[in-house]
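I opened this model to look up a few things. My notes follow, one topic at a time.

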Amino acid sequence: MRSISLFVHFLTTLACVILYGCAVGPDFLSPRKAPLAPEPIITLPKETVSSHVPGGEAQRFHHGRDIPSEWWTLFRSKPLDLLIREALSASPTIEAAEAALRQAAENRRARFGSLFPSLNADFSATRRKITGGTFGQPDYPGSIYSLHNASVQVSYTLDLFGSVRQSLEDLDAKIEFERFQLEAARLTLAANIVTSAIQEASIRERIQATREIIAADEKILDLVRKKSEIGSASLSDVLSQEAQLAVDRALLPALEKGLSETRHLMALLVGKRPDEADGLPEFTFSGLELPRDLPVSLSSELVRQRPDIRAAEEILRSANALVGVATADLFPNITLSGAYGSEATRLSDLFTAGTNVWNLGAGVLQPLFRGGELAARRRAAIAARDQAAAQYRETVLAAFQDVADCLRALEFDAKGLAARADAERTAAEALDLTRKRVEIGAADWISLLNAQRVHEQNRIAFVEARAARLADSAALFQALGGGWWNRGSAGLGPEVDKNLSISGALRP
């Protein structure tokens with residue numbers, strides 16, 4: 001056993017010596033480390049316009065300000081905060097992303113074992129019959145015997161040209177990719193819940209506005225009928241108002257359907273069944289506060305913050321590592337092997353004097369002719385790396401566009417809300433004035449119906465403008481990356497962090 005022990009020690013020492021030896025793959029240079037001007041993505045005013053209506057407060061832009069990890073708390077809604085926390089711990093989407101991250105970590109751990117010698121124990125027992133013909137002596141009588149073998153086998157493939165190390169780099173990139181996919185899933189889930197809450201508040205406001213419009217329709221219809229009874233209104237006036245009431249009543253089922261669908265979607269996001277939606281909190285505009293101070297990341301910061309940009313970078317790193325693997329496949333593959341054990345015809349004789357057997361071996365495999373396969377694989381890997389680089393640049397540009405769109409949307413949302421507020425107020429005043437003129441006979445019913453329709457349209461448009469301002473604020477936080485970097489230790493939960501730390505500890 002001393003011989004095989006020395007051999008194992010020799011192989012282990014050799015592995016450590018050559019671990020950082022000659023690698024033929026290209027080094028990866030992170031595109032995040034390339035110089036990028038620390039400047040705003042677009043030019044913005046210091047703050048948006050304001051209007052004296054609910055949700056019309058001015059929003060101030062702060063360039064370079066960091067984003068809180070729990071950015072949704074800026075909407076000042078405790079039910080929303082609790083709902084998102086519940087979703088992050090119970091959503092099947094998050095569970096699937098966490099499982100994918102654990103899988104990537106375990107695949108990396110499994111591949112890491114290739115850097116060390118493999119050691120196997122073997123025991124076998126066979127019953128044999130041989131004849132003289134086996135030894136070229138056909139006249140020699142045959143015999144039957146048993147053969148028992150117990151041995152330890154060692155083999156080691158030298159990673160002289162970095163094939164294993166490059167494949168580990170590829171798997172490291174896949175771990176980081178899944179990590180950022182998890183962050184993207186968390187960010188998207190939180191943003192979808194915030195958007196759903198805003199959508200629910202908008203629908204509830206529209207339902208309330210529609211019910212008030214219907215109540216006003218009913219009052220007008222009652223007046224028209226009374227006027228018709230005394231002869232100051234015609235039957236056509238009554239029918240016209242009845243038609244308007246029917247049209248406005250028809251709006252309610254569609255709105256209630258939308259509310260139901262929004263509640264079901266929210267239940268899905270939280271990981272619940274649709275029938276459990278009634279247990280979720282209800283959201284209205286009064287329970288949501290417009291964030292006043294908005295952080296705006298600089299160009300140089302955004303490429304470090306967006307999960308999709310970081311994931312695209314890891315795809316590029318993986319593709320670069322695979323170029324190294326394909327390059328290493330062009331070079332010799334050297335394998336060392338050895339075995340030590342005992343072989344005897346009786347089990348009781350194992351490990352007795354004279355039964356020990358051993359062997360040492362080495363092999364070199366050098367590809368000579370593969371029909372151009374290996375060179376083509378390397379060229380394909382280089383093309384895949386070029387593709388990943390182009391996709392990374394496209395992802396960065398799309399991220400810049402996303403942020404720019406959100407910032408411009410917030411700027412114009414404020415202006416739009418102010419205009420909608422003025423239009424709704426003017427329409428309400430015109431409707432009230434027209435109603436009074438009809439009551440004294442100074443205006444006809446057609447004027448009242450027109451004024452009512454204009455007021456209805458502006459009331460709904462104002463609600464939608466208020467919802468758009470809240471939704472675009474949430475979209476900005478999502479576009480900026482969501483502040484995951486402020487959560488500490490990647491915020492992936494104890495089980496995932498444990499797997500990542502084990503994987504990291506195994507890295508050469």
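**Entry 1: a helix length check.** I started with helix H5, residues 235-270, in this predicted model. How far apart are the end C-alpha atoms of H5? I worked out the expected span before looking. H5 has 36 residues, and at 1.5 Å a residue it should span 52 Å. The rule takes 1.5 Å times one less than the number of residues. I then looked up the end C-alpha atoms, and they are 54 Å apart. That agrees with the expected span.

I also checked what comes just after H5. Gly271 sits there, and it takes a positive phi of about 90°.

**Entry 2: the sheet.** Next I turned to the strands. I wrote down a general point first: strands of a sheet pair through backbone hydrogen bonds, either parallel or antiparallel. Which sense does the pairing take here, parallel or antiparallel? It is antiparallel. Four strands form an open sheet, and their order is E2-E3-E5-E6. The edge strands are E2 (118-130) and E6 (356-365). Each of them pairs on one side only. I noted the turn between neighbouring strands too: 20° on average, direction ignored.

**Entry 3: bridges, strand by strand.** I followed the pairing of E3 with E5. It is antiparallel and runs over ten bridges. I looked up two residues and their partners. Ala150 has Ser342 in E5 as its bridge partner. For Thr157, the bridge partner in E5 is Thr335.

Then I moved on to E5 and E6. They also pair in the antiparallel sense, over ten bridges. Here Ile334 stands opposite Val364 in E6.

**Entry 4: the largest pocket.** Last, I looked for open space. The largest pocket has a volume of about 370 Å³. Which elements give two or more residues to its lining? They are strand E3 (143-157), helix H4 (163-229) and strand E5 (333-344). E3 gives the largest share, three residues.

I counted the lining at 22 residues. Those nearest the centre of the pocket are Thr157, Leu158, Ser163, Asn333 and Ile334. Two of these names were already in my notes: Thr157 is the bridge partner of Thr335, and Ile334 stands opposite Val364.

How does the lining divide into nonpolar, polar and charged residues? Twelve are nonpolar, six are polar and four are charged.

Conventions
Residues numbered from 1 in each chain as written. Predicted model: local features only at pLDDT ≥ 70, side-chain atom pairs only at ≥ 80, totals over all residues. Heavy atoms only, no water. 1 Å grid on protein atoms, 1.4 Å probe; cavity = no way out; pocket = protein on both sides within 12 Å on 5 of 7 lines; lining within 4 Å. Points joined across faces, edges and corners; volume = space filled by probe spheres on them. Nonpolar A, V, L, I, M, F, W, Y, C, P; charged D, E, K, R; others polar. Pairing = 2+ DSSP bridges. Axes fitted to C-alpha atoms, helices over the stretch in contact; angles between N-to-C directions.
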